[in-house]
Each structure stands twice: as C-alpha cells, then as structure tokens.
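Dear colleague,

I am passing on the structure that we spoke about, and my notes on it follow below. Please read them with the model open beside you.

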Amino acid sequence: MSWFGRAAACALFVLVMASGRAVADPSPCAFLLPVPAEGLSLPAEVAEGSCEERDRFTLHDNQYLFVDVRGYETDGAAARMDLARDAAVRAINFYSQWLDVPDIIFISGRFPLVSLGEDSTTLAIATGDFRGCVILLEHVSQHAGRPDGSSDANHYKRTIAHEMFHCVQITDRSVQNGYVPWRDESTAEVFSGIVIPESHVDPLYLDAMPMLAASAISTLGHGAYPYAAWVATQTIPENLVTMLKNAARDGSEDGSARTLASLPDAANLFHSFVKAYLDGHLVDEMARAILPPAPEIPDAVVVSDEMTYTLAGLTPHSGTFQMFELGQGIAWKVEYPDDPNLRVSWRVFDGAEWTALPATIEACDAPRRGVIVVTSAAPNAAMFNVPLKFSRDPDGMRNCACPVGSWYMDEDMVRASPLSLTMPGTLEGGTMSLQFNADGTASATYHDIKFRSEIDRDSAMVTVMRGTINFRWVAKPWDAAVSGEPAPTGEGVQALAIERTVTASNVHWRVEFWGRDGMINASERTPPARDQGSINIATALCMDGVLTLGQGASAVRHALPPWYGMFKRAG
C-alpha cells in the first residue's frame with residue numbers, strides 16, 4: 001500500500017540518494033540510486049534499466065536530477081519534463097522557507113512491472129545523514145493525465161508539487177515522519193496549490209465533507225483538505241507548518257485530536273469553518289470558492305415550551321447540525337454548559353448571520369426556524385453530550401412588541417365588550433387600561449365604569465367598577481387546540497398565548513340607589529380572596545395597533561375584560 005495514498009497512486013519512492021554523482025552517458029538506473037539498505041530490494045526492471053541524465057541543478061544546497069529510462073518514447077515526454085522542472089523549482093523555493101527539501105531524482109519513463117495502482121509501494125530508507133526521494137513522472141501522468149493531450153498541465157505541475165511535499169513530510173526531521181492520511185494529504189494539497197496557484201483542487205478532495213456531521217475531520221483522509229485550506233486562508237499557511245512540527249507522534253484518533261487542537265485559536269477556527277461549510281462559503285488555498293456536497297440536516301425539533309434537548313454522542317472536530325423550530329410569541333433563551341473547547345451558534349434557516357450562543361432568540365411575530373451548530377476542539381477523541389436548554393427570557397420580551405406596553409378600552413370599546421351584557425343597565429361612562437411589563441408583571445385597571453339601571457320613573461340603581469388587578473404573565477406559543485384555529489399570519493401580525501396568575505386585586509363594585517331627591521344608600525363589594533392565585537390562559541393577537549385577548553372568536557364575544565376583549569395601544 002502506498003505511503004502517500006494518492007487517489008490514482010502516483011508512485012513515489014523515498015530513498016537515500018548519493019548526491020554529487022554525474023551521469024552523462026546511459027547508465028544502469030540503479031547506479032543513480034543508493035546501495036539498497038538491509039531488507040530493501042528493488043524490482044529488477046528498476047535495478048537493471050538504463051537511464052540517461054537530462055538535467056541537473058542545485059538549489060538551496062540540494063541536488064535535483066532529471067533522467068529518462070532509455071528506450072522510453074512517448075509524445076510529450078520532453079514537455080512533461082519541462083513542466084516537472086518548473087514545478088520543482090517553484091516548490092523548492094516555497095517549501096524551503098520553513099522545511100528541508102531533500103535531494104530528488106525525477107525519472108521519466110515506465111518500469112514495466114512497477115504497479116501503477118493503489119498498491120504501489122513506497123520504499124523509505126534513512127541511512128545516516130543521507131535522505132532523498134525518487135519521483136516516477138510516468139506515474140504522475142497516470143494520476144494527473146498527459147499535459148500534451150487534453151489534460152491540464154497545471155494539474156500535472158500541482159501533482160508534482162504535491163508529491164514533493166510528501167518527500168518533505170517523510171524526510172524532514174523537524175516534522176513527524178509517520179504517514180497520517182488526513183494530515184499529510186490535506187497539507188500536501190494545500191501547499192501544492194499555493195505553489196501552482198493557476199491550478200485547482202480535484203473535486204475528489206471535497207466529496208467527503210457531508211460525513212463531517214458524524215465523523216471527526218481527521219477520519220476523512222484526503223477529505224480533510226477543505227479545513228487545511230480554511231486554516232491557510234483564515235490565518236497564514238505557516239500555521240499548517242507549525243501544526244506538522246507540533247504533530248502528535250502517533251496517528252491515533254487521540255493523537256490527531258491533539259494535533260488539530262494545537263492550531264491557534266483552534267475552537268473558534270474550527271467553528272468558523274463548519275459555519276462557512278453550512279453557508280456555502282468555503283474557499284481553496286487561494287481564497288477561491290469551492291462547493292463540497294451539502295450536508296444533510298435532521299428534521300426540525302419543535303420547541304413549544306421550556307425544555308432541554310440533548311445532542312448526544314458527539315465527536316471533537318466534527319460538525320453537529322440540528323434544526324429547531326421555536327414557538328411563536330416568545331423570546332427564547334438558549335444556553336448550554338460552559339466548556340472552553342465548545343462553540344455553539346444559531347442561524348435562522350434562510351438567514352445570513354450567525355448568533356453565538358448562549359443568547360436570546362426572538363420568535364415574537366412568527367415561529368423561528370433555524371439551525372444550531374455545535375463543535376468542539378477538545379484535544380482528545382472522547383465522545384461527549386451537549387444539553388441545550390430552552391427557556392423564556394423576560395428581558396428579551398422587551399423586543400417583542402406584543403403584548404408588552406400600555407393598552408386601553410375607551411368608552412365605546414367597553415360598551416361593545418361582553419361587560420355590557422353582564423352588568424345591569426346602560427353604560428354611562430368609564431374606561432379600562434391594561435399594562436404588560438417586560439419583567440413579567442402586569443396590571444389591569446377599571447376607571448369608574450358606570451352602569452345605570454332604571455327601577456321606576458323616580459328611582460335607579462347605579463353600579464360603578466373601579467380598582468386594579470395585578471398579575472404575573474408568561475408568554476407561550478399560540479395553541480390552536482385552545483383557540484380552535486391556527487395562528488393568524490401576515491405582515492405585522494403577532495400571535496401568541498398568555499398565561500396570567502393573579503397576585504393581588506382591589507377591584508370592587510359600588511352599588512348606589514338613587515331616588516327623586518338624590519342617593520338613598522350605597523354599598524361596596526370586593527371579589528372573594530380565592531381569586532388570588534387564579535390562572536387564566538388566553539390567546540393574544542396583535543395587529544394594526546389592537547390587542548385581542550381570547551380563546552377563539554366566541555371567547556372575545558362572551559368573556560369579560562381584562563381577561564378577554566379588544567384593546568388599543570396607548571399613545
């Protein structure tokens with residue numbers, strides 16, 4: 001199995017190269033290579049083949065040699081060698097800013113029995129201070145195509161630069177030399193793309209992204225490329241080099257988690273990456289848009305009352321997405337346990353802005369449908385749970401126009417209310433006011449509502465209602481089962497339900513009897529003490545400056561204010 005795991009397995013042999021040997025005339029290819037170390041055997045076609053030197057140069061104190069297998073003839077071979085040389089010089093100059101690029105032999109030609117498939121073997125030798133690399137250009141062509149035909153010359157050069165970065169990863173003693181697929185493939189692809197900026201990433205590097213919802217980025221192999229590109233563009237490429245130098249010495253899931261956590265501001269960086277993926281805003285190493293397949297997001301969880309919803313079995317450095325629908329008429333406070341590695345955000349389903357949680361999410365005028373993203377940059381692979389707590393936020397209700405504020409019934413509205421049907425006589429005057437405060441307190445006041453009932457031609461009974469009811473109120477989602485109808489919708493319409501609990505009341509009725517010469521007597525009546533603590537639940541509809549309280553249309557016609565009825569907004 002190839003050490004580098006390339007998609008079409010471009011065979012890259014990492015060997016100690018005896019530097020300084022000039023080859024002007026055809027020579028056995030093995031003459032260019034080191035004496036095989038113990039336990040290493042080369043295919044006979046490599047050892048016995050005849051090679052001719054085509055080019056040699058020294059750069060940053062290392063040697064780079066281009067040779068042909070004698071007898072190898074194919075259209076465009078010379079052009080491909082020129083492309084390889086251009087890619088090599090550019091890669092050496094760029095990689096050498098941070099890493100040691102080894103001596104490399106580029107062999108143009110096919111060794112007949114050397115596998116070109118995914119089982120190509122990588123031979124690695126470390127003998128003393130000598131380290132080097134052999135890249136078979138024919139195998140690069142099998143992966144990248146022939147640039148002299150219909151294939152992309154830039155992709156061919158990108159592949160050369162990619163394989164050269166693998167040479168660095170295996171030979172530079174400042175980095176961890178064991179092959180870890182996600183780490184080595186993603187960084188090699190990003191750096192080769194920077195070296196050859198006119199090239200574009202192969203879509204195969206994007207196809208694994210939907211798996212991020214259930215898997216750590218470190219399990220995606222070459223599919224970790226989008227995150228490496230994100231790190232390079234949102235910070236600096238050197239941070240990827242630092243990650244390689246600080247990498248854990250094992251390729252386990254825990255080791256990979258520690259490697260990812262070593263990136264600067266790892267928690268925020270990975271969280272921003274997952275949000276950008278959901279938004280369709282990922283970019284390649286040159287900050288050009290890339291479009292991996294979209295993730296599948298589970299069906300919405302409906303939140304109609306205070307609750308805790310637990311996202312269970314999550315993995316660090318994965319992206320967990322869950323849709324929620326928050327009930328209308330509430331300012332919802334969403335919280336989760338504090339954890340320095342954890343990041344949680346909310347975005348309205350069709351919106352563009354993310355809100356970092358914990359926060360208050362308003363669903364004042366309509367249900368809020370959105371997605372919550374959870375990520376962790378913990379330096380281990382241990383699974384974890386995140387309980388999301390949804391509760392009403394009284395402070396947040398200040399931003400909900402309904403029903404917070406001052407409302408009133410004028411004399412005509414009192415006359416049209418069910419109060420006129422229940423009181424004896426005819427309304428002579430009076431009003432009612434209603435106040436809902438954002439802190440969950442409220443009050444309703446009868447302002448001398450007077451009814452006169454004639455007893456005979458010379459006498460009458462006058463009933464006067466006055467006083468205040470105090471209560472606490474809680475907003476709830478509109479309940480179609482209670483109202484008998486779905487929540488009204490439309491621009492400027494806010495529909496919810498209100499639960500009110502009486503805390504105090506001094507409302508009283510004054511009954512006066514009048515004769516021809518004036519008031520004969522008067523008495524007062526107050527509600528019984530059992531009214532304290534009584535609970536009322538009513539639907540609330542705000543529209544065009546009018547608050548309608550009721551349990552469907554019939555309740556508004558027959559129940560008494562302030563529990564039901566229509567009120568105008570004061571001011």
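On the surface of this predicted model, Ile455, Phe513 and Ile520 make a nonpolar patch of about 290 Å². Of these residues, isoleucine 520 is found in strand E22, which covers residues 518-525, and with a relative accessible area of 58% isoleucine 520 counts as exposed.

The strands E20, E23 and E24 deserve a look next. Strand E20 (residues 494-505) and strand E23 (residues 535-543) run antiparallel and are joined by eight bridges, with glutamine 494 standing opposite cysteine 542 of E23. E23 also pairs with strand E24 (residues 546-550), again in the antiparallel sense, and here there are five bridges, with methionine 543 placed opposite valine 546 of E24. E23 and E24 form a hairpin with two residues between the strands, and in that hairpin aspartate 544 takes a positive phi near 55°.

Turning to the helices, you may ask why helix H6 can be described as largely enclosed by the rest of the structure. H6 spans residues 225-234, and eight of its ten residues are buried, so the description follows from that count. The buried residues are Tyr225, Pro226, Tyr227, Ala228, Ala229, Trp230, Val231 and Ala232. As for what surrounds them, the buried residues of H6 pack against helix H4 (153-171), helix H5 (181-195), helix H7 (238-245), helix H8 (253-261) and helix H9 (266-279).

The charged pairs took up the rest of my reading, and the structure holds 26 salt bridges. One of them is formed by glutamate 285 and arginine 158, whose closest N and O atoms are 3.2 Å apart. This pair links distant parts of the chain, since glutamate 285 sits in the loop between H9 and strand E7 (301-303) while arginine 158 belongs to helix H4, with the two positions 127 residues apart in sequence numbering. Are these partners buried or exposed? Glutamate 285 is buried, with a relative accessible area of 7%, and arginine 158, at 1% relative accessibility, is likewise counted as buried.

A further salt bridge runs between aspartate 279 and arginine 347, where the closest N and O atoms are 2.3 Å apart. Aspartate 279 lies in helix H9 and arginine 347 in strand E11 (residues 342-348), so this pair ties together parts that are 68 residues apart in sequence. Aspartate 279 is partly exposed, its relative accessible area being 23%, whereas arginine 347 counts as buried at 9% relative accessibility.

Arginine 288 and aspartate 284 form another salt bridge, with their closest N and O atoms 2.8 Å apart. In this pair arginine 288 is partly exposed, with a relative accessible area of 24%, while aspartate 284 counts as buried at 2% relative accessibility. Elsewhere, Asp86, Arg90, Lys157 and Glu198 are joined into one network by salt bridges that share partners.

If you have time for a few places in the viewer, I would suggest the patch made by Ile455, Phe513 and Ile520, the hairpin of E23 and E24 with aspartate 544, and the salt bridge between glutamate 285 and arginine 158.

With best regards

How values were computed. Residues numbered from 1 in each chain as written. Predicted model: local features only at pLDDT ≥ 70, side-chain atom pairs only at ≥ 80, totals over all residues. Heavy atoms only, no water. Buried < 20%, exposed > 50% of the residue type's maximum accessible area, 1.4 Å probe, protein only. Helix = DSSP H or I, 4+ residues; strand = E, 2+ residues; numbered from the N terminus. Contact = heavy atoms within 4.5 Å. Patch = residues over 30% accessible without salt bridge, like charges linked within 9 Å, V, L, I, M, F, W, Y side chains within 5 Å. Areas by Shrake-Rupley, 256 points an atom, 1.4 Å probe, with all protein chains shown as cover. Salt bridge = Lys/Arg side-chain N within 4 Å of Asp/Glu carboxyl O. Pairing = 2+ DSSP bridges.
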